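Student: I have the sequence and the model open, and I would like to go through the charged pairs and then the pocket. Can we take them one at a time?

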Amino acid sequence: KQWYQRRVAITAGEHNTTLQTHSCSFRASTIFVGLRFIRETMKLFGVFLVVFYVGASFSKDVHIIIEDVIHQPPYHKTFTAGGNSESAVLEEVMNNAVSAGNMTYDGTRHEKWGLYITTIDGIKADESKFQYWQILHGMDVKNLKPSQYGASSLVPKDNEFVKFFLKHWK
C-alpha cells in the first residue's frame, strides 16, 4: 500500500509539474483526460487532489469551407485549420491555413475595419460585377449564419464552421 501511495504522489507531481510549466498549446480533451486520470487514481487510494490550471493556452480547430458557385466550373473546398490559439481571430486562422498550404487569400486593409477579403484560392471577387466574399459561421454546418464581423474581428469557437461564399451583393 505504501508503494502505491508513493507512486500516486509521484504521478500526480509529474502531471502537475507538466501542466504548470508548459506554455505551449494543449488540446482541452488531453488536459481533461490527464486530470481525470489523476482524480480517479487519487480517489482509488483515498487521497483527493484539486488541480487548478490558470492561463492554459488551448488550441482550437476551425473547419473552413470555400465555395464559389458563380464561376464555372463551381469551386468547393473544405479543410480543418488546426492548432489555432483560443483567442485567434479569423484572419489569424487564415494565416495559419496559408502557412500549412491549405489556402491562399488576398485583400485590402482598412485602418478602422481591418481586412477586406478580395481573393481566395486565386478566385477574385469582381467588384464591377458586385461580387464579394461573404463570411458565414456557426457550430452546425447546415445552419450557418452571416457574420456580423469581418476576418479581423470574428473569433471562431473551437470546432466552429466558417464558410467563405462568393456572392453578388446586388
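Tutor: Yes. The model is a predicted one. Glu-67 has a relative accessible area of 16%, and buried means under 20%, so Glu-67 counts as buried.

Student: With which residue does the side chain of Glu-67 form a salt bridge?

Tutor: Glu-67 sits in strand β1, and its partner lies 96 residues away in strand β8 (residues 160-168). The partner has a relative accessibility of 18% and therefore counts as buried. The N to O distance in the pair is 2.9 Å. The residue is Lys-163.

Student: Why can such side chains pair at all?

Tutor: Side chains of opposite charge can do so when their charged atoms come close. For a salt bridge, the cut-off between nitrogen and carboxyl oxygen is 4 Å. The condition to remember is opposite charge with charged atoms close together.

Student: How many salt bridges does a search of the whole structure find?

Tutor: The pair of Glu-67 and Lys-163 is a salt bridge. Lys-77 and Asp-121 also meet in one, as do Glu-91 and Arg-109. For the whole structure, the search gives three.

Student: Is Lys-77 buried, partly exposed or exposed?

Tutor: Lys-77 pairs with Asp-121 at 3.1 Å, N to O. The two are 44 residues apart, with Lys-77 in strand β2 and Asp-121 in the loop between β4 and β5. Asp-121 is buried at 18%. Lys-77 has a relative accessible area of 24%, and because buried means under 20% and exposed over 50%, Lys-77 is partly exposed.

Student: In the pair of Glu-91 and Arg-109, what is the N to O distance?

Tutor: Glu-91 belongs to helix α3 and Arg-109 to strand β3, 18 residues apart. Glu-91 is buried at 13% relative accessibility, whereas Arg-109 is exposed at 54%. Their side chains meet with an N to O distance of 2.2 Å.

Student: Which strands each supply at least two residues of the lining of the largest pocket?

Tutor: The lining consists of 18 residues, and Leu-115 and Tyr-116 are among those nearest the centre of the pocket. Both numbers fall within 114-120, the range of one of these strands. The strands are β4 and β6.

Student: How many charged residues does the lining of the largest pocket have?

Tutor: The pocket has a volume of about 410 Å³. By class, its lining has 10 nonpolar and seven polar residues. The number of charged residues is one.

Notes
Residues numbered from 1 in each chain as written. Predicted model: local features only at pLDDT ≥ 70, side-chain atom pairs only at ≥ 80, totals over all residues. Heavy atoms only, no water. 1 Å grid on protein atoms, 1.4 Å probe; cavity = no way out; pocket = protein on both sides within 12 Å on 5 of 7 lines; lining within 4 Å. Points joined across faces, edges and corners; volume = space filled by probe spheres on them. Helix = DSSP H or I, 4+ residues; strand = E, 2+ residues; numbered from the N terminus. Nonpolar A, V, L, I, M, F, W, Y, C, P; charged D, E, K, R; others polar. Buried < 20%, exposed > 50% of the residue type's maximum accessible area, 1.4 Å probe, protein only.
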